[in-house]
Amino acid sequence: MTRRLAEVARKVGVSEATVSRVLNGKPGVSDSTRQAVLTALDVLGYERPTQLRGVRARLVGLVVPELQNPIFPAIAEGVGGALVQLGFTPVLCTRTAGGLTEAEYVTMLLDQQVSGVVFCGGLSADEYQQLLGRGVPVVLLNAAVDYAAIPERFLVDPLRGAKLGFPQVSTDDAAAVEQAFNHLWALGHRRIGLLVGPADHTPSRRKAEAFGRLCNRTDADPRGRIGHALFSFEGGQAAAADLLGSGSTALICGSDILALGAIRAARRVGLSVPGDVSVVGYDDSAFMNYTDPPLTTLRQPIDAMARAAVTLLVNQIGGSAPTPKELLHEPELVVRGSTGPAPAATPRANAEVATRPRLSRV
């Protein structure tokens, strides 16, 4: 008990005596402090006293795969701010090395009787079944479910025959690739490559499918023009090196981090951006206007998507039946200095005649 009092007091920034008064229902504590103490109990995983369990704070879990990619802190800020304005307390859960997995976070959130969960990133079949079986309101934000791996009984309501599932809010990946492709095509590029995440990553798969359709429409050859990598600077650099080796004069990347890796790969073989190679990112995360060169990228409408996700979640919490539909938001192409006219010679030819690599300036 003493340890619990001390931990909650540190979390809230009050004395242990104040925490004790709240837990014993005694007067002399402001409503805001009382609510902060109760919320701290929920977040720290302690059971409330029996007489206080009926007023459990309205917690909402926000599960993100990482925080190193700047887009995820931006999403967390947007969703968290919208939840707070509606009187909910966001609980941020992120996967870290040696920490809890996303599946373990799901179990923890369910144990804390959260009002709902917003998922950013993938949702496994086991997590899907666990959440659906508990009837917890869920919204997927730029996430996806592999429905092929889920038993039929979890996909269709046997009584009504209606489709089961969770609402989704996503950026239109096909529209994003088309905007970038048309921009590069207008600049004269005919050897355009696509650099995205792992092949089983749904947004990456959607981008690759859209890229293939555009190549067919323009008679461009997509073979050897699609690269897959982990969403990291190093992954982008390694995969981009292969695409540049095949003669690509422009690269459409599935994240800004991958795009920065691609710029490093170009410079490592003596190519300039955008003189020899044009690069387009995806996200328009923080500071992309200050890179060298400033990055042309596809801006995700994070604020609008966050508000939509929270609205869908709150509607479910209020008793509305979830509809497993996907709301697609249009991205915006932001043209900066990393794209330019196609070079007269292929990048591979330029690299072969270079006597020494240029110094990297990333």
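These are my notebook entries on what I looked up in this structure, which is a predicted model.

**Overall make-up**

I began with the totals. The protein has 12 helices and 12 strands. Of its 362 residues, 49% are buried. I then checked how far apart in sequence the contacting residues sit: taking contacts with a separation of 6 or more, 69% join residues 24 or more positions apart. The exposed surface comes to about 17000 Å², and carbon and sulfur atoms supply 53% of that.

**The N-terminal helices**

I went to α1 (2–12) next. Its buried residues are Arg4, Leu5, Ala6, Val8 and Ala9, and I noted that an arginine is on that list. These buried residues pack against α2 and α3. Just after α1, I found glycine 13 with a positive phi of about 85°.

For α3 (residues 31–44) I compared length with expectation. At 1.5 Å a residue, its 14 residues should span 20 Å, and the end C-alpha atoms are 20 Å apart, so the two agree. Which residues of α3 are buried? I listed Val37, Leu38, Thr39, Ala40, Leu41 and Asp42. They pack against α1, α2 (16–23), β1 and β2 (89–94).

**The largest nonpolar core**

This core has 23 residues. Those that touch the most other members are Leu62, Ile75, Val79, Cys120, Leu141 and Val169. I traced where the core comes from: the elements giving two or more residues are β1 (59–64), α4 (71–85), β3 (116–123), β4 (138–145) and α11 (302–317).

I picked leucine 141 for a closer look. Not counting residues up to four places away in sequence, leucine 141 touches Ile75, Val79, Val118, Phe119, Cys120, Gly121, Val169, Met305 and Ala309. Valine 169, one of those contacts, is also the bridge partner of leucine 141 in β5.

I also came across another core, lying apart from the largest one. This second core has 21 residues, among them Leu243, Ala266, Leu271 and Met288.

**β4, β5 and the loop between them**

Is β4 mostly covered or mostly open? Mostly covered: seven of its eight residues are buried. β4 and β5 run parallel and are joined by two bridges.

Proline 167 sits in the loop between β4 and β5 (168–171). With a relative accessible area of 3%, proline 167 is under the 20% cut-off and therefore counts as buried. What does proline 167 touch, leaving aside its neighbours within four places in sequence? I wrote down Val138, Val139, Leu140, Leu312, Gln316, Pro322, Thr323, Pro324 and Lys325. I also took the C-alpha to C-alpha distance from proline 167 to leucine 327: 8.0 Å in space, for residues 160 apart in sequence.

**The six-stranded open sheet**

The strand order is β7-β6-β8-β9-β10-β12, with mixed pairing. At the edges are β7 (226–228) and β12 (332–334), each of which pairs on one side only. On average, neighbouring strands here are turned by 20° against each other, direction ignored.

Helix α8 (residues 202–218) packs on the sheet, where it touches β6 (192–196), β7 and β9. Its direction makes about 165° with that of β6.

Inside the sheet I checked one pair. Strands β8 (residues 250–253) and β9 (residues 278–283) run parallel and are joined by three bridges. Isoleucine 252 stands opposite valine 280 in β9.

**Two threonines**

Threonine 202 belongs to helix α8. Is threonine 202 buried or exposed? At 18% relative accessible area it is buried, though I kept in mind that the cut-off is 20%. The C-alpha atoms of threonine 202 and aspartate 173 are 9.8 Å apart, with their positions 29 residues apart along the chain.

Threonine 296 lies in strand β10 (residues 296–299). Its relative accessibility is 0%, so threonine 296 counts as buried. Leaving aside neighbours within four places in sequence, I found threonine 296 in contact with His183, Val279, Val280, Gly281, Leu333, Val334, Val335, Arg336, Gly337, Ser338 and Thr339. Valine 280 turns up in this list, and valine 280 is the residue that isoleucine 252 stands opposite.

Definitions and conventions: Residues numbered from 1 in each chain as written. Predicted model: local features only at pLDDT ≥ 70, side-chain atom pairs only at ≥ 80, totals over all residues. Heavy atoms only, no water. Helix = DSSP H or I, 4+ residues; strand = E, 2+ residues; numbered from the N terminus. Buried < 20%, exposed > 50% of the residue type's maximum accessible area, 1.4 Å probe, protein only. Contact = heavy atoms within 4.5 Å. Areas by Shrake-Rupley, 256 points an atom, 1.4 Å probe, with all protein chains shown as cover. Pairing = 2+ DSSP bridges. Axes fitted to C-alpha atoms, helices over the stretch in contact; angles between N-to-C directions. Core = buried A, V, L, I, M, F, W, Y, C linked by side-chain atoms within 4.5 Å. Expected span 1.5 Å × (residues − 1).
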